[in-house]
Amino acid sequence: MQLYDVFALLTVLAALFGYLNYRFLRLPDTIGVMLISLVVSLGIIILGGIKPVLFRQATDLIRGIDFYKILVRYMLGLLLFAGAIHIDGHQLKKESGYVLTFSTISVLISTALVALLLYFVCSLLHHPIGLIYCLLFGALISPTDPIAVLSILRKAGIPPSMEVRITGESLFNDGVGIVVFLCIYQIAQAGPGHLQLTDVLRLFAQEAGGGILLGVLLGYAGFYLLRTIDYYQVELLITIAIVMGGSLLAEYLHVSSPLAMVMAGLITGNKTRLKGMTDTSRDYIDQFWSMADNLLNALLFLLIGLEMIAIPFTTAILITGCCVIPIVLAVRYLSVLIPISLLHFRSGFEKKAIGILTWGGLRGGLSVALALSVPASMQGQFLVAITYMVVLFSILVQGLTIGKFARRVPRPGGPHSK
């Protein structure tokens, strides 16, 4: 399918499923859209037993959509910029220690622990896979994507500091997770002994450090341009150009586009919005990026639901996936608890905050997209299937129950707060 055809079809389905969710289910927007697309996918699979031609056509259609390319190359930069532009920079600065720790140390801890436990489980189930491929899975499943539940958490009344921690971690660990994944992927492709540690560290520094530097330059270039004019149509175009042109430049320079877009979004949202725009321009730009964020997330969760049609499941994969789900949850708990304990952050955390960070640490489309980029020769199909099971559980089970969990957290200043 042509790119326009893909986006046209996805937009129509997202609008239809969004209407059905709002009209009948009343679930959070992204979760509702994904649930309906899952039901449709299951219906197509069931009908496939009656009309195999229908199933083959649907499977060919979904497999013809390059999920990795659409998300990582086209959508992720827009999503991260749209999320970063609305973050309170002053609050983020206060929570920077937590955010940087969760988006770096926690990701590395999670990657290692998930990999080791998956390797052990696969050996027990007589489906052994190489440790390097387990590390690939650990890297792609570690980044969290709690966008689907942020509105639920806000309604539950979580403290603003907790909201910033969750949002900030999500924005930064997408970029860090991709960089870690790419480093491990390079090692897996090169084979043992063909890639030195210095090469990996150089790649990490180039991708992460270069991405952050590029994002800062883009953000300040946009600030200089926007403060010299007062014409919201052009100002809006400049913010779009920062994302789209910046993503192309990051790809050309071989630096992390996600980290670049986060930094550019933070500067645009805090410095440029406050000092370089009028109230009229600020309102239009806020509304546009909020709408873009909602639309892109609806498309993303729709894709996640439809992807079920194209994923081959076997009994062995289903058993492994059921074992991996509690592993990922337990490791998420440890990857939050360990840095907090070691770095003496505990005094700055509300009661049960670790539980919210664990249960609210959903996995989303990025994990599925990265898994789909792994070729079959590197256990790609196996990794896609178990990744998909973890993502479905996190969104449907964790996403729909996090509100009840969060309401038990004592409010700041309350009788049970620290």
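Start with the whole chain in cartoon view: its secondary structure comes to 17 helices and 0 strands, where helices (H or I, at least four residues) and strands (E, at least two) are DSSP runs numbered from the N terminus. The radius of gyration is 21 Å, close to the 22 Å from the globule rule for 418 residues, so the chain is as compact as a globular protein of that length. That radius is taken over C-alpha atoms, and the globule rule is 2.2 Å times the number of residues to the power 0.38. Along the principal axes, the C-alpha atoms fill a box of roughly 60 × 55 × 50 Å.

Before zooming in, note that this is a predicted model, in which local features need pLDDT of at least 70 and side-chain atom pairs count only at pLDDT 80 or more, while totals for chains, interfaces and linings use all residues. Residues are numbered from 1 along each chain as its sequence is written, and side-chain values use heavy atoms, with hydrogens and water left out.

Now colour by burial. Buried residues make up 53% of the 418 in the chain; buried means under 20% relative accessible area, exposed over 50%, and partly exposed in between (1.4 Å probe, protein chains only).

Next, select H9, residues 160-190. The helix reaches 45 Å from its first C-alpha to its last, close to the 45 Å expected for its 31 residues at 1.5 Å a residue (the expected span is 1.5 Å times one less than the number of residues). Look for a bend of about 30° at asparagine 173, the angle between axes fitted to the seven residues ending there and the seven starting there. Because 24 of its 31 residues are buried, H9 is largely enclosed by the rest of the structure. Step just past the end of H9 to glycine 191, which takes a positive phi of about 90°.

Move on to H16, residues 365-372, where 7 of the 8 residues are buried. Among the elements covering those buried residues are H4 (67-84), H7 (131-141), H13 (279-306) and H17 (380-406), along with H9 itself.

Then show isoleucine 304 as sticks. Which residues does it touch, leaving out those up to four places away in sequence? Its partners are Met34, Phe67, Gly364, Gly365, Tyr388, Val391 and Ile395, with contact meaning heavy atoms within 4.5 Å. One of them, Gly365, is also among the buried residues of H16.
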